[in-house]
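Grab a pencil and work through these exercises with the model in front of you. Try each task before you read its solution.

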Amino acid sequence: MESTSPAVVMPTARQNPFDPPEELRRRQGLGPIHRMTYVDGGQGWLVTGYAAARAILADPRFSVRPDHMRSPIAQPATAPVPPGFFLRMDPPEHDHYRRLLTGDFTVRRIKLLEPEIEAIVNDQLNAMELAGGPADLFKAFALPIPSQVIGELLGVPYSDRQGFQRNAATLLNVDLTPERRQEAVRELMAYLRDLLRHKRSRPEEDVLSGLAAHEGLTADERAGLALLLLIAGHETTANMLALGTFALLADPAQLAEVRGKEEYAPAVVEELLRYLTIIHHVVRVALEDIELHGCLIKAGESVTVALSAANRDADHFADPDALDLTRSTAGHLAFGHGLHRCLGQRLARAEMRIALPALLRRFPALRLTVAPEEVPLRSAMTVYGVHELPVTW
């Protein structure tokens, strides 16, 4: 049943760097669904329970379109959705655009990409070893690897990385004004339109060349699809690599459990994904009246699904606040669920499964150079993580 005390603003600051905000856990103890007062004063819902979250994410009666969607955070995202950016589209538009890209993220395609990922990881580790410690692991390891991987897959020159990394970070920073974030979108779209024009005249074996050659798409649709892949393809994985390493370094017992045991890598990745859940929340809008867990969600009401809380629900995960790298994490919601489940999840898993063991193998004495509470956290970003991770070895 719902709890009735309203939450004025969706909490995103984590009191412990690896746990959901305490207010979300408190509410979770009161029930899976809660009345919520949104930033603009309108009423909606907050979901903290796993079963309710999974049901909503799988239900086509809930829309992802931003039309009339209320913002659960202090800085609303008012920027219009670029053409082709299907993350904010419902069927049939969503299905049309997503189908164009599914062949690039199949199990077979990612398996073929693994040697390239291994080479990129090895090169980055070599550069770290040559430079010597101490280092910022985020800049030296976590960010360059997915940036290079998605660049290779898409055909984006790695030499352009500073521009797209800067604009992607601006776009995801909810402390900035909508105007500044929209400016970042415009810059990224202009860059990608130019790159796609180049790919159209000089195609290569990459995703953007395929999009550039697609006659059924406008230039803006191609750029919007590329924008989605570019942002999602490096920001999320970079923060999972950094925050996952941070979590292991802060828990010596779990770190000792996984060192040198690479057969554990897939299970380690899944538990870190569940335990950390770097996407704070997602929002849906009810298209009709829907009854769920004894609550009547009315048509037009916004529903904020707190993924980090849902992945810590004791009704689904035993001892959910423990980092247990031997547990079964089947069904976790770190990549979402249902129709909008992350298209690039296999790529992200492969990068983490390859990069984390390689890092620990190369630097067996890897450790933090600051106290865990001094690591700066990305609480104001839509993708949670660390701004930097000071380490040595």
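**Exercise 1: two crossing helices**

Helix 8 and helix 10 make a right-handed crossing (clockwise turn of the near helix from the far one, by less than a right angle; anticlockwise would be left-handed). One thing first: this is a predicted model, where local features need pLDDT of at least 70, side-chain atom pairs count only at pLDDT 80 or more, and totals for chains, interfaces and linings use all residues. Residues are numbered from 1 along each chain as its sequence is written, and side-chain values use heavy atoms, with hydrogens and water left out.

*Task.* Work out how helix 8 and helix 10 are oriented to each other.

*Solution.*
- Step 1: find helix 8 at residues 178-201; its axis and that of helix 10 cross at roughly 110° and come within 9 Å.
- Step 2: look up the angle class: 65 to 115 degrees counts as roughly perpendicular, under 35 as roughly parallel, over 145 as roughly antiparallel and the rest as oblique.
- Step 3: helix 8 and helix 10 are therefore roughly perpendicular to each other.
- Step 4: look at who touches (contact means heavy atoms within 4.5 Å): on helix 8 they include Val185, Leu188 and Arg193, and on helix 10 they include Ala219, Asp220 and Leu230.
- Step 5: sort the contact of helix 8 with helix 10 by class, and you get 11 nonpolar, one polar and four charged residues.

**Exercise 2: a second partner**

*Task.* Now classify the packing of helix 10 against helix 14.

*Solution.*
- Step 1: helix 10 (residues 219-249) and helix 14 (residues 345-362) pack at about 40°, their axes 10 Å apart.
- Step 2: that makes helix 10 oblique to helix 14.
- Step 3: the contact involves, among others, Thr237 and Met240 of helix 10, plus Ala348 and Glu351 of helix 14.
- Step 4: by class, nine nonpolar, two polar and one charged residues make up the contact of helix 10 with helix 14.

**Exercise 3: the sheet**

*Task.* Which strands stand at the edges of the sheet?

*Solution.*
- Step 1: write down the order of this open, five-stranded sheet, 1-2-8-5-3, with mixed pairing (two strands pair if DSSP finds at least two bridges between them).
- Step 2: strand 1 (33-37) and strand 3 (62-63) are at the edges, each with a single partner strand, so one side of each lacks a neighbour in the sheet.
- Step 3: check strand 3: two bridges join it to strand 5 (residues 281-286), and the two run antiparallel.
- Step 4: spot one pair, Phe62 with its bridge partner Ala286 in strand 5.

Methods:
Axes are lines fitted to C-alpha atoms, for helices over the stretch in contact, and angles run from 0 to 180 degrees between N-to-C directions. Helices (H or I, at least four residues) and strands (E, at least two) are DSSP runs, numbered from the N terminus. Ala, Val, Leu, Ile, Met, Phe, Trp, Tyr, Cys and Pro count as nonpolar, Asp, Glu, Lys and Arg as charged, and the others, Gly among them, as polar.
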